[in-house]
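Welcome! Please take a moment to turn the model around on your screen before reading on.

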Amino acid sequence: RAMGEHHFLAKRQTNTTNFHQIADDFANMMEIRVKVDDGVRRFTALADRPAESALLAQFRIEWAEYRQSLDAVLARLNAGDLDSAQAEFDTSTTAVFAVATMIIDDLLDISKADGYAATEKVRSVYGLSLASIVAVLLFAAASVSGAIRWILLNMSKPILRISNAMQRLTA
């Protein structure tokens with residue numbers, strides 16, 4: 001998302017002559033660059049597969065090329081060469097941005113696949129834990145029933161026999 005915002009601001013900057021707007025856009029673009037770089041750092045820390053690491057390395061290269069291309073476009077704009085700046089932005093800068101975007105899409109696809117796999121694992125663990133809880137509850141109910149039956153057979157009946165015998169003796 002941040003990359004899209006950055007590209008939008010860059011496009012707007014190549015099409016405006018309002019100096020206040022250019023300054024605001026440039027400041028926002030610098031903030032977004034920091035966000036993108038921070039996101040790449042965090043993603044790199046989480047990357048645990050060679051495919052992810054390779055894509056991240058490729059993205060860093062493309063992102064650096066995009067920034068260099070954009071800096072060249074901005075230098076042409078500052079020099080007053082609006083037509084060639086616009087042409088370079090529309091061709092090379094946009095093309096490099098598109099490649100970087102495709103790489104991010106590939107990384108997101110990997111992350112989504114990992115998320116789906118994690119969801120399936122969670123579902124299976126949830127099902128297993130639910131079955132375990134039911135089994136424990138059934139075992140507990142059977143144990144309590146068994147204990148009650150044992151108490152009735154081994155304690156209550158002998159006490160009742162003794163009580164009945166005592167009542168017969170007193171009668």
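This report walks through the helices, the core and the surface of the chain.

Keep in mind that you are looking at a predicted model. The chain has four helices and zero strands, so its elements, read from the N terminus, follow the order α-α-α-α. Among the contacts between residues at least 6 apart in sequence, 66% join residues at least 24 apart.

Now let's look inside. Buried residues account for 22% of the 171 residues in the chain. The largest nonpolar core has 22 residues, and the ones that touch the most other members are Val36, Phe59, Tyr66 and Leu70. Three elements each give two or more residues to this core, as the table lists.

| Helix | Residue range |
|---|---|
| α2 | residues 19-46 |
| α3 | residues 50-78 |
| α4 | residues 82-170 |

Which element gives the most to this core? That is α3, with nine residues. As background, nonpolar side chains tend to be buried together in soluble globular proteins.

Next comes the outside. The chain has an accessible surface of about 11,700 Å², and carbon and sulfur atoms hold 66% of that area. On the surface you can find a nonpolar patch formed by Trp150, Ile151, Met155 and Ile159, which together have about 430 Å² of accessible area.

One member of this patch, Met155, sits in helix α4. Is Met155 buried, partly exposed or exposed? Met155 counts as partly exposed because its relative accessibility is 43%, and that class lies between the limits of 20% and 50%.

Key. Residues are numbered from 1 along each chain as its sequence is written. This is a predicted model: local features need pLDDT of at least 70, side-chain atom pairs count only at pLDDT 80 or more; totals for chains, interfaces and linings use all residues. Side-chain values use heavy atoms; hydrogens and water are left out. A nonpolar core is a set of buried Ala, Val, Leu, Ile, Met, Phe, Trp, Tyr and Cys residues joined through side-chain atoms within 4.5 Å. Buried means under 20% relative accessible area, exposed over 50%, partly exposed in between (1.4 Å probe, protein chains only). Contact means heavy atoms within 4.5 Å. Accessible areas come from the Shrake-Rupley method with a 1.4 Å probe; for residues, only the protein chains shown count as cover. Patches are made of residues with over 30% relative accessible area and no salt bridge: like charges are joined within 9 Å, nonpolar side chains (Val, Leu, Ile, Met, Phe, Trp, Tyr) within 5 Å. A salt bridge is a side-chain nitrogen of Lys or Arg within 4 Å of a carboxyl oxygen of Asp or Glu.
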